[in-house]
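Student: I would like to take a close look at a single part of this structure. Could you guide me through the nonpolar core and the strands around it?

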Amino acid sequence: MKACPSCGSRNEERSQFCNDCGTRLPGEESAPAHATESTGAADPRTASLHGVHHGGLLGGAHRVPPAPAAPPVPSPATPPPRAPASAGACASCGAAFPAGSVVSWCPACGALVDSSRVPSRATTPPGMGAPPPPGAAVPQGWALVLLKAGERLDRYPLRKVEMVLGRTEGDYVFPEDPLLSPRHAKVAFRGPGFQVEDLGSRNGVYLRLRGPSRLAGGDLVNLGSLVLRYESAGPGPRVTGVLPPAGIRPFGSGRERPLGRLVRILQDGSDGPAYPLVPSRTILGRKTGHFLFPDDPLLSRQHAQFYERDGEMWVEDLGSSNGTLLRVRGPAPLEKGAVLRIGDVTLEVQGP
């Protein structure tokens, strides 16, 4: 790959112009011409006309001074003419673009390209780039690091466009984890970054929250050893059974109407106790909060809170040691420092 001296973008070796900013890239083709124009060095083919060569004078004691250096040619103030991409090719020079690529400047002639007309190979999730073309290079320095008991252990480099994680099948396997499916998850490079996707596993893929996150009905939240399913109460008043006669208040406790509840998923997969969520906030923890789980050593004193914002339920970690994780739905982006959990395996994303 060839790095652009202006913006630092990586381009193919055959490119003469940067795909992102249009700057001419350094290369063997352009170096001799550039050196002659900018420095005024004598061309060996015409050196005898000036009576000099690289070794000194030719026939005579009088030395002819070299021609003065030519002033640098300023860059044009206006960009080159727009060249719409048609069927994945530049309209100016006909150079073909890789299918699914996002091209701003033609790498062959430097013409500005209308990238919206470049066809895409596949539909990608919002916020993620298109799948790279076959043979595309994966950014170096990215890896998954195994986390256990607060320590970083094994390192699993991300060297391919797609890498499968599982218990018995894939690029990286964890055969001793009974919570993993044979092919559990896939980590894929989808420019400009990586993403993780569940491969239909039994227990899913969880990502550690890095800030408040909105909940949708059916979302699964993991904190400590708990797995909780969020169920929304829906808008409007809740009606159960027969309405009481007018003027008679129903018997019950609590002043705030629950906006939903958390249902605990037991070890056999069945539903356990349910915990109502009020609009103000509901705190879960080991020692302090509205619902306590003193026997869970993986929970922090105050672990996470749930609260209402603009009619929707949100979850936020309260600086716990082990974090709060949310099960992903569909492909999810992986940023540097992200932590994901598959089965009983916790992995941290490391990058350059």
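Tutor: The following account begins with the core, turns to the sheet, and ends with some individual residues. Please keep in mind that the model is predicted.

The largest nonpolar core has 27 residues. Those with the most contacts inside this core are Leu 144, Val 196, Leu 334, Leu 340, Ile 342 and Leu 347. Several strands give two or more residues to the core, among them S8, S13 (193–198), S25 (332–334), S26 (339–342) and S27 (345–350). A second, separate core has 18 residues, including Leu 209, Leu 228, Phe 293 and Val 315.

Leu 340 serves as a starting point for the surroundings within the largest core. Leaving aside residues up to four places away in sequence, Leu 340 touches Leu 144, Val 196, Tyr 206, Leu 207, Leu 334, Val 345, Thr 346, Leu 347 and Val 349. Of these partners, Leu 144, Val 196, Leu 334 and Leu 347 are also named among the residues with the most contacts inside the core.

Next comes the pairing of the strands. S26 and S27 pair in the antiparallel sense over 4 bridges. At one of the positions, Ile 342 has Val 345 in S27 as its bridge partner. In general, the strands of a sheet pair through backbone hydrogen bonds, in either a parallel or an antiparallel manner. Both S26 and S27 belong to an open sheet of 10 strands, with the order S9-S8-S27-S26-S14-S24-S16-S17-S18-S19 and antiparallel pairing. S9 and S19 (271–277) are the edge strands, each pairing on one side only. From one strand to the next, the twist averages 30°.

Strand S8 (143–148) leads to a loop, and strand S9 (151–157) follows that loop. Ala 149 is found in this loop. The phi of Ala 149 is near 55°, a positive value in a residue other than glycine. Ala 149 counts as exposed because its relative accessibility is 80%, and the cut-off for exposed is over 50%.

Asp 310 offers a second example. This residue lies in the loop between strand S22 (304–309) and strand S23 (312–317). Its phi is positive, about 55°, although Asp 310 is not a glycine. With 72% relative accessibility, Asp 310 also counts as exposed.

Ser 213, in strand S15 (residues 213–214), is instead buried, because its relative accessible area is 16% and buried means under 20%. Apart from residues up to four places away in sequence, Ser 213 touches Met 313, Trp 314, Val 315 and Leu 326. Of these, Val 315 is included in the second core.

Note on methods:
Residues numbered from 1 in each chain as written. Predicted model: local features only at pLDDT ≥ 70, side-chain atom pairs only at ≥ 80, totals over all residues. Heavy atoms only, no water. Buried < 20%, exposed > 50% of the residue type's maximum accessible area, 1.4 Å probe, protein only. Core = buried A, V, L, I, M, F, W, Y, C linked by side-chain atoms within 4.5 Å. Contact = heavy atoms within 4.5 Å. Pairing = 2+ DSSP bridges. Axes fitted to C-alpha atoms, helices over the stretch in contact; angles between N-to-C directions.
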